[in-house]
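Here is a short report for someone meeting this structure for the first time. Please keep the sequence and the model in view while reading.

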Amino acid sequence: MAVAEITDVPPASQKPQTTAENGSPRSARVTGREFSRWYQNRQQRQNIENGKPYFNGPPRIPESGRHSPSRLLRCHRRSFYDTFNAPKETAAPQGIFWFGSKFETDIAVPFLRDQTGTDEYVRNSMWVDFTIRREGDDLRIRGETDPVVVDEDSTPLLLTEIKTTSSVTHLQEPKEQHLAQVHCYLYGLSEKYDCKLREAVVLYASREDFEVRTFHVDFDLAFWEDRVLPWAEQNTAFRQSKELPPAVPEYEWECQYCPYRRRCGKGDGPHADAGPTGLLPLVADYPREQIRTYLAAHPTAKLTPTLAHEFPELASEYGSYDWRCSVCGSSHTMRAVDWDGDVDQLPSCPDCRHREIPAELTGPSPEKQAVPMVEPES
Ligand code: SF4
């Protein structure tokens, strides 16, 4: 007797028909593109409603001596690229930010409230903004804490720093950057409230399984004076001189997660040691929002031909550079060059057809784009 084969997966012919983002007028509104537009509008509205409309405009460049606690002790070159709004090569990890914020308000704060004694309260956050006088330039540190346990006068009693991460299994101690952040808040809150706040808890939570690991931290004057403040001074000096810092990360793992790997020279491709302005001519996969942010921050910047092909709507809004031949130096408008968008096969130069191997066209290098660095605020 023949036995029919039983399988969970129906043959291809029996599968429901699907199409990418097409359908009835109603279902056609539920698409990835519509979601991106909706999410962006929602964020802009929230920035206005939260009293932070400046987040919707072009990113500002802070004065050279100003530092954010969450950006200390990182690679100086990466910090330089961030400060001067270099175009990021990867999308912002919105999901990670969202989870971290949700975890803090919905889980960490209620947990802390249940751990506090009578006459103790939990504030979601507190601001610090203080200046440290140095022999050279003063350092100004401004930032917002995570939840703080306070007394009935709102004087801080215990600082917390909440971090979410992929896994806490191998965590033996807090990251040095998080210790620097905590030290800024301990110092700033002690000064602001005229108290001696010396203790903090760094709480790490796994995004995978909610396992939590905590570390108690005491203010360490030597760490503050010999490690944190000298880093901030050196960072200020790089920003003042506008010279690209060396490609030397503070920690080995930094390059792996850096959004400037290719412009720095640690990624794939021929680029290295590019300054903070100008798009890389052979990179066609910059995320759309990162290009838009870069263009908004640099009024004279335009798209490279490869990006103009990929994002025609941005090209018509901001303009684009012509194709250039690296051999004969001729330039050609976007319209004059027929290209299918394959970056592994760039178009050939029409003026070099007589050569055995025709030269390829590409966009201008970041230096040739000659986009000026925006001046910091004073
Ligand atoms: S790739 Fe590494 S060295 Fe280069 S900027 Fe990024 S973190 Fe620094």
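Which residue in β6 is the bridge partner of Val-150? The partner is Pro-156. The model is predicted.

**Strands**

Strand β5 covers residues 148–150, and strand β6 covers residues 156–165. The two run antiparallel and are joined by three bridges. Five residues lie between the strands of this hairpin. Ser-154 in the hairpin has a positive phi near 70 degrees.

β6 also pairs with strand β7, residues 199–206. Here the sense is parallel, over seven bridges. Glu-161 has Val-202 in β7 as its bridge partner. Between β6 and β7 the chain passes through helix α4, residues 176–193. This β-α-β crossover is right-handed.

**Cores**

In soluble globular proteins, nonpolar side chains tend to be buried together. In this model, the largest nonpolar core has 28 residues. Leu-159, Val-182 and Leu-186 touch the most other members. Two or more residues come from each of α3 (94–115), β4 (139–144), β6, α4, β7 and α5 (221–241). α4 gives the most, with eight residues.

What does Val-182 touch, leaving out residues up to four places away in sequence? The contacts are Leu-159, Glu-161, Ala-200, Val-202 and Val-217. A second, separate core has 15 residues. Among them are Ala-274, Val-283, Leu-295 and Ala-297.

**Ligand shell**

Residues around the ligand include Cys-75, Cys-255, Cys-258 and Cys-264. Arg-77, Arg-78, Arg-261, Lys-266 and Glu-254 are also there. So are Ala-247, Pro-249 and Tyr-260. By class, the shell has seven nonpolar, five charged and no polar residues. Helices α2 (76–83) and α6 (261–264) each give two or more residues to this shell.

**Positive phi in loops**

Two residues other than glycine have a positive phi and lie in loops between named elements.

| Residue | Phi | Loop |
|---|---|---|
| Asp-194 | near 50 degrees | between α4 and β7 |
| Lys-242 | near 60 degrees | between α5 and α6 |

Why does Asp-194 count as exposed? Asp-194 has 7 C-beta neighbours inside 10 Å, and the cut-off for exposed is 12 or fewer, so Asp-194 falls in that class. Lys-242 has 14 other C-beta atoms within 10 Å, so Lys-242 is partly exposed.

Key:
Residues are numbered from 1 along each chain as its sequence is written. This is a predicted model: local features need pLDDT of at least 70, side-chain atom pairs count only at pLDDT 80 or more; totals for chains, interfaces and linings use all residues. Two strands pair if DSSP finds at least two bridges between them. Helices (H or I, at least four residues) and strands (E, at least two) are DSSP runs, numbered from the N terminus. A crossover is right-handed if, with the strands pointing away from the viewer, the path from the first strand over the helix to the second runs clockwise. A nonpolar core is a set of buried Ala, Val, Leu, Ile, Met, Phe, Trp, Tyr and Cys residues joined through C-beta atoms within 7 Å. A residue is buried if 20 or more other C-beta atoms lie within 10 Å of its own, exposed if 12 or fewer, and partly exposed in between; C-beta atoms are placed from the backbone. Two residues are in contact if their C-beta atoms, placed from the backbone, lie within 7 Å. A residue is near a molecule or strand if its C-beta atom, placed from the backbone, lies within 6 Å of it. Ala, Val, Leu, Ile, Met, Phe, Trp, Tyr, Cys and Pro count as nonpolar, Asp, Glu, Lys and Arg as charged, and the others, Gly among them, as polar.
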